[in-house]
Amino acid sequence: QMCIRDRGISFGDGNLYIINGTDYVFAVNSETKELKWSKKLANITISNPIYDSGKVYITTLDNKLYVLD
């Protein structure tokens, strides 16, 4: 049985990187709350976003790894 995470947040470079159980990822400035960008992925996210060295890593239900910068 598969466990699907429905939401998650990561922090890096002054931004919050957010998934909310859909196929979208959002980057929000942590101080101003301004939406920096959003990205529609090919499937539903199943992992918390991970921020490292200017990139955001996310895995989707179809076992694809996305690297966003």
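Here's a quick tour of a four-stranded sheet, its aromatic pairs and one buried threonine. You're looking at a predicted model, where local features need pLDDT of at least 70 and side-chain atom pairs count only at pLDDT 80 or more, while totals for chains, interfaces and linings use all residues. Residues are numbered from 1 along each chain as its sequence is written, and side-chain values use heavy atoms, with hydrogens and water left out.

**The sheet**

- Four strands make an open sheet in the order β1-β2-β3-β4, with antiparallel pairing. (Strands are DSSP runs of E, at least two residues, numbered from the N terminus; two of them pair if DSSP finds at least two bridges between them.)
- At the edges stand β1 (8-12) and β4, and each has a single partner strand, so one side of each has no neighbour in the sheet.
- On average, neighbouring strands here are turned by 15 degrees against each other, direction ignored. (The axes are lines fitted to C-alpha atoms, with angles from 0 to 180 degrees between N-to-C directions.)
- β2 and strand β3 (residues 24-29) run antiparallel and are joined by five bridges.
- Ile-18 sits opposite Phe-26 in β3.

**The aromatic pairs**

- Searching the whole structure turns up three aromatic pairs. (Rings of Phe, Tyr and Trp, the last by its six-membered ring, pair if their centres lie within 6.5 Å; planes under 30 degrees apart count as stacked, over 60 as edge-to-face and the rest as tilted.)
- Tyr-17 and Trp-37 have ring centres 6.1 Å apart and planes at 40 degrees, so this pair is tilted.
- That pair links distant parts of the chain, with Tyr-17 in strand β2 (residues 15-19) and Trp-37 in strand β4 (residues 35-40), 20 residues apart.
- Tyr-17 is buried at 6% relative accessible area, whereas Trp-37 is partly exposed at 26%. (Buried means under 20%, exposed over 50%, partly exposed in between, using a 1.4 Å probe and protein chains only.)
- Tyr-24 and Phe-26 form a stacked pair, 6.0 Å centre to centre with 15 degrees between the planes.
- Tyr-24 is partly exposed at 32%, and Phe-26 is partly exposed at 23%.
- Ring pairs also link Tyr-17, Trp-37 and Tyr-51 into a cluster.

**Thr-60**

- You'll find Thr-60 in the loop between β6 (55-59) and β7 (65-68).
- Thr-60 is buried, with a relative accessible area of 0%.
- Its side chain makes a polar contact with the side chain of Asp-62 at 2.4 Å. (A polar contact is a pair of N or O atoms within 3.5 Å; within protein, one must be able to donate a hydrogen and the other to accept it, and residues adjacent in sequence count only if both atoms are side-chain atoms.)
- Leaving aside neighbours within four places in sequence, Thr-60 is in contact (heavy atoms within 4.5 Å) with Leu-41, Asn-43, Ile-44, Thr-45, Ile-46 and Tyr-66.
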